[in-house]
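Trainee: Could you go through this structure with me and show how each label is earned?
Mentor: Happy to, so ask away.

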Amino acid sequence: MSIFYITEPDCKVSINDGILLVESAQLKRQIPLSKIESLVLFGRIGLSAYVINYLLEESIPVTWLSNTGRYYGRLDCTTHINIERQRLQFRFSEDESFRLELS
């Protein structure tokens with residue numbers, strides 16, 4: 001699995017049968033989603049709500065950057081978050097004897 005960078009301006013990204021399709025006036029690429037760990041988008045790249053939902057369901061994060069690489073934001077699935085474990089960590093963080101023992 002790898003990180004896939006899309007740098008071609010004004011690309012449209014779509015998905016068909018588990019294949020990521022990247023298209024612009026000068027570019028046409030097809031990449032199996034099974035080979036993609038993460039997407040990094042530079043500049044104006046079009047993603048539909050369907051593509052965003054699909055990527056979230058497949059736990060493939062997307063990072064948006066400007067044409068020059070300035071960070072705008074990131075979309076990431078949260079299904080891997082264990083809220084009960086986080087609550088327990090917060091409770092332990094308030095226990096001074098546990099903090100001292102841990103340190």
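**How the labels are earned**

Mentor: Let's start with one residue, and keep in mind that this is a predicted model. At 43% relative accessibility, Arg87 counts as partly exposed.

Trainee: Why is Arg87 called partly exposed?

Mentor: Buried means under 20% and exposed means over 50%, with partly exposed in between. Arg87 has 43%, so the value falls in between the two cut-offs. Its salt-bridge partner, Glu84, is also partly exposed, with 48%.

Trainee: What makes Glu84 and Arg87 a salt bridge?

Mentor: The closest N and O atoms of the pair are 2.9 Å apart. The cut-off is 4 Å between a side-chain nitrogen of Lys or Arg and a carboxyl oxygen of Asp or Glu, so this pair qualifies.

Trainee: Where do Glu84 and Arg87 sit relative to each other?

Mentor: Both are in helix α2 (residues 83–93), three residues apart, which means about one helical turn separates them. In an α-helix there are 3.6 residues a turn, so residues three or four places apart point the same way.

Trainee: How do you know that Glu23 and Lys28 form a salt bridge?

Mentor: Their N to O distance is 3.8 Å, and the limit is 4 Å, so the pair still counts as a salt bridge. Glu23, at 34% relative accessibility, is partly exposed, whereas Lys28, at 62%, is exposed.

Trainee: How many salt bridges does the structure hold?

Mentor: Four. One of them joins the side chains of Arg44 and Asp10, at 2.8 Å from N to O.

Trainee: What parts does the pair of Arg44 and Asp10 tie together?

Mentor: Arg44 lies in the loop between β5 (36–42) and β6 (45–47), and Asp10 in the loop between β1 (2–6) and β2 (11–16), so the salt bridge links parts that are 34 residues apart in sequence.

Trainee: Are Arg44 and Asp10 buried or exposed?

Mentor: Arg44 has a relative accessible area of 62%, over the 50% cut-off, so Arg44 is exposed. Asp10, at 44%, is partly exposed.

Trainee: What makes the buried residues of α1 line one face of the helix?

Mentor: In α1 (residues 49–57), Val51, Tyr54 and Leu55 are buried. Seen down the axis of α1, the buried residues fall within an arc of 95°, so they line one face. The face turned away from that buried side carries the exposed residues Ala49 and Glu57.

Trainee: What covers the buried residues of α1?

Mentor: The cover includes β2, β5, β6 and β7 (62–65). Just after α1, Ser59 takes a positive phi of about 55°.

Trainee: Which residues touch the most other members of the largest nonpolar core?

Mentor: That core has 19 residues, and those touching the most other members are Ile6, Val13, Leu20, Val22, Leu33, Leu39 and Leu55. The elements giving two or more residues to this core are β2, β3 (19–23), β5, β6 and α1.

Trainee: Why is Lys12 called exposed?

Mentor: Lys12, found in strand β2, has a relative accessible area of 62%. Exposed means over 50%, so the label fits Lys12. Leaving out residues up to four places away in sequence, Lys12 touches Leu21, Val22, Glu23 and Gly46.

Technical notes
Residues are numbered from 1 along each chain as its sequence is written. This is a predicted model: local features need pLDDT of at least 70, side-chain atom pairs count only at pLDDT 80 or more; totals for chains, interfaces and linings use all residues. Side-chain values use heavy atoms; hydrogens and water are left out. Helices (H or I, at least four residues) and strands (E, at least two) are DSSP runs, numbered from the N terminus. Buried means under 20% relative accessible area, exposed over 50%, partly exposed in between (1.4 Å probe, protein chains only). The arc is that of the directions from the helix axis to the C-beta atoms. Contact means heavy atoms within 4.5 Å. A nonpolar core is a set of buried Ala, Val, Leu, Ile, Met, Phe, Trp, Tyr and Cys residues joined through side-chain atoms within 4.5 Å.
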